[in-house]
Amino acid sequence: MSSVIPEGYVILGRIGAAHGLRGEVRIEVRTDDPARLAAGTAVLTDDPLVGELTVARLREASGRATISFEQVTDRDDAEAMRGLLILAPAQAEADAWYPEDLVGLAARGDDGRPLGTVVEVRAMPAHDVLVVREPSGARTFVPFVEAIVPGVDVAGGFVVLTPPGGLLADEPLPEGEDVDEDGPVGDGPEDDGPEDAGHEDVEA
């Protein structure tokens, strides 16, 4: 699949697995404005072969969002959409951004402690990954999901991280917790799913 994000567009969401038999799919929503994904709204995808889609319905159940499109009516077509980015023209909203806007932002804990700097954003099949250069110089792959990156303030120049114990090289594990010999996370961004995290050894 060829990915193309036109200039002036932002990512509203990333399509996940098919849900049910009638073309509905999971979606990782990246906008706080539900109107941008309301029924009847035309959105663009990052695959030129798919092009524009019309939202049929967006709903949330058990804390997970699903979406359906008028052009997608069966599970096979829905499965083929997995990994697509949903795009729309940029607007002045707090929770939509270009990936390059995140590079250079300071990474902070939810208590304000400095955790490093975002030096890269990598697109992965399950979700994007922030590459964070920690104060020690270690580069760590941080899954760009709300549970770990609950806040992004481009104007303020920082992202907020709530990393689980062992994710960041410079952060000590909570007292009483151990990690396996191979470490608490995967070897790098080639891993799938939540294990798209790890440390990359680089010179300071």
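Of the 204 residues of the protein, 41% count as buried, a value that, like the others in this report, is computed from a predicted model. The exposed surface of the protein amounts to about 10900 Å², and carbon and sulfur atoms supply 48% of this area. The secondary structure comprises 2 helices and 13 strands. Among the contacts in the protein with a separation of 6 or more, 55% are accounted for by residues 24 or more positions apart.

One part of the strand set can be followed in detail, namely the hairpin formed by β9 and β10. Strand β9 pairs with β10 in the antiparallel sense over 5 bridges, and in one of the pairings V132 has T140 in β10 as its bridge partner. Between the two strands lie 5 residues, and G137, located in this turn, has a positive phi of about 105°. The residue ranges of the two strands are listed below.

| Strand | Residues |
|---|---|
| β9 | residues 129–133 |
| β10 | residues 139–143 |

Why is strand β10 described as largely enclosed by the rest of the structure? The description follows because 4 of the 5 residues of β10 are buried, where buried stands for a relative accessible area under 20%.

Turning to the aromatic side chains, the structure holds 0 aromatic pairs. The ring of F158 does, however, have a charged group over it, since the charged end of R108 sits there at 4.0 Å from the ring centre.

Methods. Residues numbered from 1 in each chain as written. Predicted model: local features only at pLDDT ≥ 70, side-chain atom pairs only at ≥ 80, totals over all residues. Heavy atoms only, no water. Buried < 20%, exposed > 50% of the residue type's maximum accessible area, 1.4 Å probe, protein only. Pairing = 2+ DSSP bridges. Phe/Tyr/Trp six-rings, centres within 6.5 Å; stacked < 30°, edge-to-face > 60°. Lys NZ or Arg CZ within 6 Å of the ring centre and 35° of its normal. Contact = heavy atoms within 4.5 Å. Areas by Shrake-Rupley, 256 points an atom, 1.4 Å probe, with all protein chains shown as cover.
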